Amino acid sequence: MPTVTINGIECEFTKGEMVIAIANRNEITIPQYCYHAGLSRPAQCRICLATFEAPNPRNDNKLEPMMGGKLLPTCATEASDGMVVTIESEKAVANQKAVMEFLLINHPLDCPVCDQAGECTLQDYSFQFGRGHSRFTDTKVVSPKKNMGEEIYMYSDRCIMCTRCVRFTDEVTETHELMIDGRGDKCTIDIFPGVGLNNPLASNVIDLCPVGSLLDKDFLFAQRVWFLKRSAGIDPFTSSGDNIWVEHNQGRLYRIKPRTNMDINTWWITDEVRYGWKFVHSDARLTQPMRREHGMMVEASWSRAYGQVIDTVLGAKADGKKTALVVSATLTNEEAYSLVKATRMLDENVELFVGPIPTDGEDKSFPNPQHTKQFVQRAEKVPNAKGVKRVLEAMGGCKEYETFVRRAGEYGAVVLTANFPSTWVTDSLVDAIANTKLILIDTTDSVLCTKAEVVLPSSSFAEKNGSFENCDGIIQHFDQGIPNQHQSKAEGQIALDLIELAAGGKLVEHAPGFGSLIVDEQPGQVASTNDSILIPRGELYEASVIRERMVDEADSLSMFGSDVKLPPRVELVESDMEMVEL
Ligand code: SF4
Ligand code: FES
């Protein structure tokens, strides 16, 4: 394999690769602003320039400076075998300092109030590659703040004109909302009059912007980024399986960002995935169990509520009526399995249904000119229809949701799960469950809460771990980010509690909130949980343990032992600053 030496490190490459791509893959630092692997390469910011030497076959393959020793852009120069590249030469370093000084001439010194501070490459490169002081004594050009679209503000005077945002709307979304207006130091990025930056992938420009010029309205002044911790997540709102980072602090979710996976979502996510999490902290969340007493819904402890669940199913069985379990396609594979096991312990003839699978239009593809894989926005608006169906089939058969709605009146008891981010209950469902006893396990309030026998509050996607199977059959695990909100529990935990009780065991009281896999504590961070209330539970729900049981259960579930893709380990950032007690 051919090799190139970058900053003294020998790296293998495939023909046609740019030097900067090889350096990035090998974690060799080359400063870069305009380059992004998913976009075209205009080589215009000039910060990545390096000195190049290559073997000359006409001179015994001796190393000779390329292009007469001129600096060349590493983002637009293909590697060749034996090439030697350095960004540490005197010339390259002088160029880096000059570019940084130039970029900072008109840049405001407003890092203390800029949302990008802490994840800004202008800030980082000023420290690593800049001069440390400015020789500019004239008045800075001040540019306006602009409202670019539903989710995006622009602070024009922070822009360094890398044009990543413009190229994204030209090359990926092909919606062309952005343009460069003006010339010289009066240049600004703008939208055409009356055209908002509102395409389905619009907020990816916020991630692409290397400085704090394009900002997320939703995250504006919400949190300093160095307080955020991240957990590896999977798109919980569509069947895409897009890889995401769930970013949170002190038990509160603050934003969702794309996690690069070149086999699935490449570098991007849709805005519906990015902003769909608002229900996690909404007032509509169910906060504690409820149960029907003398015809009225009253607040209940988990123990009382579980008791009523068991009595309801056993009562239906005693009356010679069947029980139905409806497993929502928003739940994890492990939860689907655990819920079947739990309800079967109460009624071995329970019938299994998958929940509603809403769709919106058709799948929509977006080109990725620098990669063979297109980015696709999925029409199916649940994350795990394939997985839930697979598990239910393996556990005795999976019937469609429409069949359940048609036949709901036949059942003495119905265990219904949902966990949708927005209103999902239809009139036909309300009519269907009118003459049955409903055990509702859901995240947010709905009219069903007034019709149920028992309501159990469940955790959102961010409060549990598990795996989803996407529309292409790829099974991926995701981690728990934040503690359970209020008194909610993951559906998997509810199932394990019921299994414990049905087997004649006892629940033990624990502080709510903590699952086993909250990977989020860093120096200086404060854990968030309300441990003044104790909540009873059985065995702690942990997806990897449940998967081992699924493999033993049926051959058709063996892929849960071998095919589940695990997320990367989240690297904890150790602070290099001394912590001072205040
Ligand atoms: S707004 Fe950001 S992404 Fe767009 S050109 Fe300016 S610096 Fe680059
Ligand atoms: S990153 Fe190479 S010129 Fe901008």
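## A tour from sheet to pocket

Start with strands 7, 8 and 11: these three form an open antiparallel sheet, ordered 7-8-11. Strands here are DSSP runs (E, at least two residues), numbered from the N terminus. Two strands pair if DSSP finds at least two bridges between them. Select strand 7 (145–147) and strand 11 (214–216): each stands at an edge with a single partner strand, so one side of each has no neighbour in the sheet. From one strand to the next, the twist averages 30°. Angles run from 0 to 180 degrees between N-to-C directions, with axes as lines fitted to C-alpha atoms.

This is a predicted model: local features need pLDDT of at least 70, side-chain atom pairs count only at pLDDT 80 or more, and totals for chains, interfaces and linings use all residues. Residues are numbered from 1 along each chain as its sequence is written, chains are lettered from A and ligands numbered from 1 in the order written, and side-chain values use heavy atoms, leaving out hydrogens and water.

Now zoom in on strand 8 (residues 152–155). Three bridges join strand 8 to strand 11, and the two run antiparallel. Pick Tyr153; opposite, in strand 11, stands Leu215.

Next, select strands 12, 13 and 14. They make an open sheet in the order 12-13-14, with antiparallel pairing. Strand 12 (229–234) and strand 14 (252–258) are its edge strands, each pairing on one side only. Neighbouring strands of this sheet are turned by 30° against each other on average, direction ignored. Six bridges join strand 12 to strand 13 (residues 243–249). Show Lys229; its bridge partner in strand 13 is His248.

Move to ligand 1. It is surrounded by 13 residues, where near means a heavy atom within 4 Å. Cys159, Cys162, Thr163, Cys165 and Cys209 are the closest. The shell divides into 11 nonpolar, two polar and no charged residues. Nonpolar covers Ala, Val, Leu, Ile, Met, Phe, Trp, Tyr, Cys and Pro; charged covers Asp, Glu, Lys and Arg; the others, Gly among them, are polar.

Colour by domain: domain 1 (3–99), domain 2 (137–281) and domain 3 (290–562). The bounds come from an automatic or database domain assignment. The centres of domain 1 and domain 3, taken over C-alpha atoms, are 52 Å apart.

Finish at the second largest pocket. Phe102, Leu103, Cys159, Ile160 and Met161 lie nearest its centre, among 20 lining residues. A pocket is an open set of points on a 1 Å grid over the protein atoms alone, where a 1.4 Å probe fits, with protein on both sides within 12 Å along at least five of seven lines; lining residues have an atom within 4 Å of a point. Domain 1 and domain 2 each supply at least three residues to the lining.

Notes. Helices (H or I, at least four residues) and strands (E, at least two) are DSSP runs, numbered from the N terminus.
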